[in-house]
Amino acid sequence: MESLPTYLKSNDCFVMEDTLDEYLAQVDFVSSSDLRSFRGNVGRRDGNASIRMQIGAIFHRIMLEEDEDFQISAIGMKNSCFPEPLKLVTSYLTQTDYRHLKIARDKLNQWSGELFRDWIHSGFTERSIYWKDQADYQWRVRPDIVTKGLVIDLKTFSGNNQKRFLKSLNRNGYLIQAALYLEGIERLYGDPIGFAFLCIDLTPPYRIFLDVLDSKTLLFSKKLLANAKRDFKSHSFCY
């Protein structure tokens, strides 16, 4: 792994091809998850919700980092380069879970004239962006996909959760994530681009919906981010 400079100057910005574990280890940089947790947008989860979240993480890994012919099975997971926490989760998966993952992968790869495949091949995935702002606060983001003027964040759901997410004014707190991602991309490339949540159910009927944020929602997301940063900085200053 290439390493971050020991000291970042104000307005410095870097993009790196590190692993997810390496990204998460950069605790001196504030992420959108940190901001959401601080503002109370990350609720307590029961055991089933935690398993569903981990299945979603496995699906992310399969779609964004593995070959298209990756074997979705207990054996395939065991022989993969998955991080150990995800390998551990596979011991709880049933044959039904594996079947759902396979069908969801096929549905997404075939969706809208294989648009997802086109995004993967034409853009970049799972790269981390780090920067320091003028106030010397350090930030980090790791967009799922950046391609053709659009940041795409893959969101997985089960049951009616996708419908509730799309009806939520602040997308369950993830508009803060959208705004921070776009700030990182704009600092990196100098030009603003769009943002979309690519939503897919990992259970029948495997609904897929591309939630492209309009200008009004993007403006709202920036306000939410500004408020979250203000509260976070005020809290940090107190300590």
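Two strands count as paired here if DSSP finds at least two bridges between them. Strand β5 (residues 145-147) and β6 clear that bar with 3 bridges, and they run antiparallel. All of this comes from a predicted model, so every value below is a computed one.

The β5/β6 pair is a handy place to start. Ile145 has Ile152 as its bridge partner in β6, while Thr147 sits opposite Leu150 of that strand. The hairpin they form leaves 2 residues between the strands, and Lys148 takes a positive phi there, near 50°. On its other pairing, β6 goes with strand β7 (residues 194-201), this time in the parallel sense and over 8 bridges. Within that pairing, Val151 stands opposite Phe195 in β7.

Zooming out, these strands belong to an open sheet of 5 strands, ordered β2-β5-β6-β7-β8, and the pairing is mixed. The edges are taken by β2 (124-125) and β8 (208-212), each of which pairs on one side only. As for β6 (residues 150-157), 7 of its 8 residues are buried, so the strand is largely enclosed by the rest of the structure. It also carries a charged pair: the side chains of Asp153 and Lys155 meet in a salt bridge, with N to O at 2.2 Å. Asp153 is buried, at a relative accessible area of 2%, and Lys155 counts as buried too, at 11%.

Next up is helix α6 (residues 95-122), which is anything but a straight rod. At 1.5 Å a residue, a straight helix of 28 residues would span 40 Å, yet α6 covers only 33 Å between its end C-alpha atoms. The helix has a bend of about 115° at Ser112. Its buried residues include several aromatic ones, among them Tyr98, Trp111, Phe116 and Trp119. Charged or polar side chains turn up in that buried set as well, including His100, Arg105 and Asn109, next to aliphatic ones such as Leu101, Ala104 and Leu108.

Helix α6 also reaches over to the hairpin. Asp118 and Lys148 form a salt bridge through their side chains, at 2.6 Å from N to O. Asp118 lies in α6 and Lys148 in the loop between β5 and β6, so this contact ties together parts that are 30 residues apart in sequence. How buried or exposed are the two partners, Asp118 and Lys148? Asp118 is partly exposed, with a relative accessible area of 31%, whereas Lys148 counts as exposed at 61%.

Helix α8 (residues 175-189) makes a neat foil for α6. With 15 residues, α8 reaches 21 Å from its first C-alpha to its last, close to the 21 Å expected at 1.5 Å a residue. Of those 15 residues 11 are buried, so the helix is largely enclosed by the rest of the structure. The buried set includes Leu175, Ile176, Leu180, Tyr181 and Ile185, and Glu183 is in there as well. Just past the end of α8, Gly190 takes a positive phi of about 90°.

That buried Glu183 has a partner. Lys229 makes a salt bridge with Glu183, and the closest N and O atoms are 2.6 Å apart. Lys229 belongs to helix α9 (residues 215-238) and Glu183 to α8, so the pair ties together parts that are 46 residues apart in sequence. Lys229 counts as buried at 12% relative accessibility, and Glu183 does so at 18%.

The remaining spot worth a look is Asp18, in the loop between β1 (13-16) and α1 (20-24). At 4% relative accessibility, Asp18 counts as buried. What does its side chain touch? There is a polar contact of 2.6 Å with the side chain of Ser128, and another with the side chain of Tyr130, also given as 2.6 Å. Asp18 further takes part in a network of salt bridges that links it with Glu126 and Arg142. Along the chain, Asp18 and Arg142 are 124 residues apart, but their C-alpha atoms are separated by 9.9 Å. Across the whole structure, the search turns up 16 salt bridges.

Methods
Residues numbered from 1 in each chain as written. Predicted model: local features only at pLDDT ≥ 70, side-chain atom pairs only at ≥ 80, totals over all residues. Heavy atoms only, no water. Helix = DSSP H or I, 4+ residues; strand = E, 2+ residues; numbered from the N terminus. Buried < 20%, exposed > 50% of the residue type's maximum accessible area, 1.4 Å probe, protein only. Polar contact = N/O pair within 3.5 Å; in protein donor to acceptor, adjacent residues only side chain to side chain. Expected span 1.5 Å × (residues − 1). Bend = angle between axes of the 7 residues up to and from the residue. Salt bridge = Lys/Arg side-chain N within 4 Å of Asp/Glu carboxyl O.
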